[in-house]
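Q: Hey, can you walk me through this one? I'd like to go over the chain contact and the domains.
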Amino acid sequence: MIATTANANANGARRRAIDMIFAGKASHLGTSMSLIEMLTAVYESIDVERIKRQDNARDRVIVSKGHGAAATYAVLAQFGLLDEATAATYHTNGTKLAGHVSHAVEAVEHSTGALGHGLPVATGIAIGLRSKKYTGSRAFVLLGDGELQEGSNWEALMLASHLKLSNLVVMIDNNRISSITTTSDVINMLPLAERFAGFGFEVYDVDGHDVAAIKAAIASIAAGTRPGVIVCNTVKGHGVPFAENQPIWHYRSLNKELYETAIAALAERE
Amino acid sequence: MRGNIINAVFDRMARDERVFFLTADMGINLVERIAQAYPDRFLNVGIAEQNLIGVSAGLCNAGYKPVAYTISNFLTHRCFEQIRNDIALHEYPIVLLGTSAGFDNAPLGPTHHIVDDWGAIAGIPGIDIYCPSSVPFAEPLIDRLLNAGRPAYVRIPKGEPAEPASTADIVYLPGARAHTLIATYGSPAQNALAVAAARDDVSVLVFNRLRPIEWEQIAQPLRDHETVIVVEDHFPEHGLYGALCRLCMEAGVYPRIRSLAPQGYNLTVGTSAAYYEAIYGIDVAGIEEGLRALEAAQLVRS
């Protein structure tokens, strides 16, 4: 059982993401629900104004599990990085807000959707920020635990560790469900923390729905000398009772009845 | 020509702090001086081509102009999706430098034969494609590409040919009597030039740039010749042969177009490119034979 500390930004983003998924008849509800607190913790930890100015020394956030688009756009809207009217167009004709994260949206650093791309790009960003001597600037990348089955991630992890990229923060949405079943049924990689520790990373293992705990881990990594991994233990579909831990909610979209049930459940939690 | 090109990168890095050089553990006795002179803008990512491209994209995001270097076959095929999503989709001005072309790595076997690289890259929109056929074109190319600010793939053949002595993207060398045009690029261009030197009815069109090809650049030579032979060390369907057939069809210009090119992968060992060039008729003797065959066919038809 994961205990969740209430967070107004996360609650607002979760409600918005559900609205967007329902209005856009979109899928990937499960992953968006597991990502909300992770994204909230990141944007609460960084200087959002620098992103608005597109300052080259800004922190970068890459959502490698691009199917978490609704959560990404909802959190961007929550932090004033995407206007609300645009967010409401998610997954509809003519919008730039595709079902996978797109850099057509200004605050999005990198388009993703094919898994295993975000970590190499974030590694390159971290190298670039360090080479440009932007002390304190960081690259954040959010990956799914199922996504770790893509080999390209391990190429990047080896390099990041070798280069001691202390400005790289890797965050794993460890919701333990990939596409059609549980990740441990496909390729069991547990315990994840030990794998990353073996690669030379500073590893934190936290409740992925506890914004304060994730922020504390981000702050600790900033004070360290090695790249960091935060294994965020999450529930796929978190906050939507009928979708929690159900692989099918990678694919299904909400009908009106289920949408109302989801919203009622959120209201009860809050 | 890789030495000429890497030297040009080195010179540019002295003048341009935005240029960042990456290698996937290739370039012995060549790239070391970049590492020594510019350690903050040099990176060996190891034997990890997917990471080579992803890291390059990240460097672009941070404001650099990356130049990514390794053997052409690994550079294009292993990381095709990274090139599509992380470079082309983002229009990142990354220069991909691929060493070796065609059968440059002859005895190393078909995994190292580079006969399907640029055609694959040409399937992705927005990436300019070059195959320098001579040193005079290759040497200033890096500056051009880094100034252009567009994604580019450069397929670098072995050798340092001095001809054609031109910096033009497409070089037209007309014969005295216009009859047959040889369209070619890279290493086989030297064979085509040798054939043309011995005849007065053969013209040569050397392509240093393979994409984009503008019709206006080639319209006159293609209109002026009854027959075109496309000589290349790459599969023809998605190579220059395919490109010229499409352009001619669109323009309503209908020369006879024939292809001399590799057909499929070859498991037989040859100790040099010449071995394979002979098999596929893209060496001097093969091109001459191709010309004779065309002439005979035309006599029959007429």
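A: Sure. One thing up front: domain bounds come from an automatic or database domain assignment. This is a predicted model, where local features need pLDDT of at least 70, side-chain atom pairs count only at pLDDT 80 or more, and totals for chains, interfaces and linings use all residues. Residues are numbered from 1 along each chain as its sequence is written, with chains lettered from A and ligands numbered from 1 in the order in which they are written.

Q: OK, which domains does chain B get?
A: Domain 1 (2-156) and domain 2 (170-301).

Q: And how far apart are their C-alpha centres?
A: For domain 1 and domain 2 of chain B, 27 Å.

Q: How many residues does each put into the contact?
A: Domain 1 of chain B puts in 21 residues and domain 2 of chain B 27 residues. Being in contact means that the C-beta atoms of two residues, placed from the backbone, lie within 7 Å.

Q: Which element gives the most on the domain 1 side?
A: S5(B), with three residues. Strands are DSSP runs of E, at least two residues, and helices are runs of H or I, at least four, numbered from the N terminus.

Q: Switching to the chains: how many residues come from each in that contact?
A: Chain B gives 24 residues and chain A gives 23 residues. On the chain B side, H3(B) has the largest share, nine residues.

Q: Which elements of chain B give two or more residues there?
A: Helix H3 (49-61) and helix H5 (80-88) of chain B.
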